[in-house]
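Visitor: I'm new here. Could you show me around?

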Amino acid sequence: MDFMNETKRDATEHALSVLEFERIRQILGELCVSNLGKEAAEDLNPLDDPDLIRARLELIEEIMGALRESGQPDLGGLYDVRRQIKLATKEGVLEPEDLWKIGLLADISNRLAKFARRGCENRPRLKSLLESIDEIPGLGNRIAEVIIAPGELMEDATPLLKELRKRRTAIHNKLQGKLESYLHNPSYEKYLQEELITCLLY
């Protein structure tokens, strides 16, 4: 039995080599738009169960039919936010760019949920694939109101942030004026240079 299994394994590896399956997997990974997709492509292996193969072919046919009827949903901004989600569940603090990525992912989820409602009629396998995707109304828009690409908070995102930035500007200007007064004071002129002021301020 071990000999038969080993022979089968050798034959499979030879067939994959002849078919340049590794190259196919590499090309597929390059076409993926997200790290999650690339990882899935790297882990891809041929199926050897006839029933599973037929099920996958039927799913592909349903997907192609849905795309022909409803068009390709926009997947722009499909980032891998597993780290950010894990951090958030542990009450960690997310950076603005992390929230921006989550907002984009929420928008994609909304689009896919709408695509599922339009394209899954009489397509049970595709419906099963997409049924776990829910709409997240308002989240993407709310994040977009206060964060802009590539992850910077808007100047007036919150009243507190607006006030803090106003104070920072006032302190910056006061400090700059004080340092410049030292720069032009003959007593300090030989010790301070304009480049030093720039370095301290920025």
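Guide: Sure, let's begin with charged side chains: E39, D80 and R82 are linked in a network of salt bridges, a salt bridge being a side-chain nitrogen of Lys or Arg within 4 Å of a carboxyl oxygen of Asp or Glu. This is a predicted model, where local features need pLDDT of at least 70, side-chain atom pairs count only at pLDDT 80 or more, and totals for chains, interfaces and linings use all residues. Residues are numbered from 1 along each chain as its sequence is written, and side-chain values use heavy atoms, with hydrogens and water left out.

Visitor: How many salt bridges does a search of the whole structure find?

Guide: Side chains of opposite charge can pair when their charged atoms come close. Searching the whole structure for such pairs gives a count of ten.

Visitor: Which residue forms a salt bridge with E69?

Guide: E69 is exposed at 60% relative accessible area, while its partner is buried at 12%; buried means under 20%, exposed over 50% and partly exposed in between, using a 1.4 Å probe and protein chains only. The closest N and O atoms of the pair are 3.0 Å apart. E69 lies in helix 4 and the partner in the loop between helix 6 and helix 7, so the pair ties together parts that are 54 residues apart in sequence; helices here are DSSP runs (H or I, at least four residues), numbered from the N terminus. That partner is R123.

Visitor: How far apart are the closest N and O atoms of E135 and R117?

Guide: E135 lies in the loop between helix 7 and helix 8 (139-146) and R117 in helix 6, so this salt bridge ties together parts that are 18 residues apart in sequence. E135 counts as partly exposed at 33% relative accessibility, and R117 counts as exposed at 55%. Their closest N and O atoms are apart by 2.5 Å.

Visitor: Which elements give two or more residues to the largest nonpolar core?

Guide: That core has seven residues: L59, A66, F115, A116, C120, L126 and L130. A nonpolar core is a set of buried Ala, Val, Leu, Ile, Met, Phe, Trp, Tyr and Cys residues joined through side-chain atoms within 4.5 Å. The elements giving two or more are helix 4 (50-70), helix 6 (96-119) and helix 7 (124-130).

Visitor: Where does N122 lie?

Guide: N122 is exposed, with 73% relative accessible area. Its phi is positive, near 65 degrees, in a residue other than glycine. N122 sits in the loop between helix 6 and helix 7.
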